[in-house]
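Take a walk through this protein chain with the model open beside you. Begin with the overall fold, then move inward.

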Amino acid sequence: MDGLRIGLDDPRADDIRELLAVHLTFARSERLPQDAHALDVGDLVNPSITFVSARNGCQLLAVGALREIDDEHGEIKSMHTSHAARGQGIGASVLTYLVDIARERAYRRVSLETGSDSMFVPARSLYAKAGFVLCEPFGDYRESPTSTYMTLELAGVQCGPRPRSTPVSGGG
């Protein structure tokens, strides 16, 4: 997808709200309310969160966020790729973008919580391919049969400053 651009975006934009509604429905389905950790739009405008989107021109393809837990630890949140854009590597590109931001900030690790049932196999596979490994609950999370926790230890090498929006070449 030659026109793919990943960069900072506003979760309050209409098309993003629509994709986040799909994400919330999916992420909260089949889970106990206390185990549904997906963030809504109001949560995503918190200053501790960096929100990004992947677009081809004006077409929204995917979203993701990085939440700062502390000065050395970030959390991947709200990763979702539109149904039409799945299988093209766009989710992996958004994840790489967010991990690069974590490296710029000199985080020592990035963690995430995702579902443990079969609906979340593609997400867990994406994270495992990116180097995330299973871990214990972190931050305010607690052990849950419907949650899987994963983490990625980051090398001490920092990247240079990332432009506001970065074109991505190839398959996304």
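What pattern does the protein chain follow, read along the sequence? The pattern is β-α-α-β-β-β-α-β-α-β-β-β. That gives 4 helices and 8 strands. Here helices (H or I, at least four residues) and strands (E, at least two) are DSSP runs, numbered from the N terminus.

A word on the source. This is a predicted model, in which local features need pLDDT of at least 70 and side-chain atom pairs count only at pLDDT 80 or more, while totals for chains, interfaces and linings use all residues. Residues are numbered from 1 along each chain as its sequence is written, and side-chain values use heavy atoms, with hydrogens and water left out.

The protein chain has 172 residues, and 45% of them count as buried. Buried means under 20% relative accessible area, exposed means over 50%, and partly exposed lies in between (1.4 Å probe, protein chains only). Now look at contacts, meaning heavy atoms within 4.5 Å. Of the contacts with a separation of 6 or more, 68% come from residues 24 or more positions apart.

Next, the interior. A nonpolar core is a set of buried Ala, Val, Leu, Ile, Met, Phe, Trp, Tyr and Cys residues joined through side-chain atoms within 4.5 Å. The largest such core holds 26 residues, and L66, I76, V94, L98 and F132 touch the most other members. At least two residues each come from β1 (4–8), β2 (49–56), β3 (59–70), β4 (73–81), α3 (90–104), β5 (109–115) and β7 (147–153). The biggest contribution is that of α3, with 8 residues. Another core lies apart from this one. It has 11 residues, including L19, L39, I49 and A65.

Pick out L66 in the larger set. Leaving aside neighbours within four places in sequence, L66 is in contact with S48, I49, T50, G74, E75, I76, L98, I101, A102, R105, Y107 and V110.

Now move to strand β4, where M79 is found. M79 is buried, at 13% relative accessible area. Its C-alpha atom is 5.6 Å from that of V63, although the two residues are 16 apart along the chain. Beyond residues up to four places away, M79 touches H23, V63, G64, G91, V94, L95, L98, L126 and Y127.

S78 is also found in strand β4. S78 counts as buried, at 6% relative accessibility. Check its backbone: phi is near 55°, a positive value in a residue other than glycine. Most residues other than glycine have a negative phi. A106 has a positive phi too, of about 65°, and is not a glycine. A106 sits in the loop between α3 and β5. It is partly exposed, with a relative accessible area of 36%.

From that loop, go on to strand β5 and find S111. Is S111 buried or exposed? S111 is buried, with a relative accessible area of 0%. Its side chain takes part in polar contacts, which are pairs of N or O atoms within 3.5 Å; within protein, one must be able to donate a hydrogen and the other to accept it, and residues adjacent in sequence count only if both atoms are side-chain atoms. One such contact, of 2.7 Å, joins the side chains of S111 and H73. Another, of 2.8 Å, joins those of S111 and T151. Setting aside residues up to four places away, S111 touches H73, G74, E75, I76, F132, F138, M150 and T151.

Finish at the second largest pocket. On a 1 Å grid over the protein atoms alone, a pocket is an open set of points where a 1.4 Å probe fits, with protein on both sides within 12 Å along at least five of seven lines; lining residues have an atom within 4 Å of a point. The volume is about 170 Å³, taken as the space filled by probe spheres set on the points, which are joined across faces, edges and corners. Of the 10 lining residues, R67, E75, K77, D140 and Y141 are the closest to the centre. The elements giving two or more residues to this lining are β3 and β4.

Y141 lies in the loop between β6 (133–134) and β7. It is buried, with a relative accessible area of 13%. A polar contact of 2.3 Å joins the side chains of Y141 and E75. Y141 and E113 are 28 residues apart in sequence, yet 8.5 Å apart in space, C-alpha to C-alpha.
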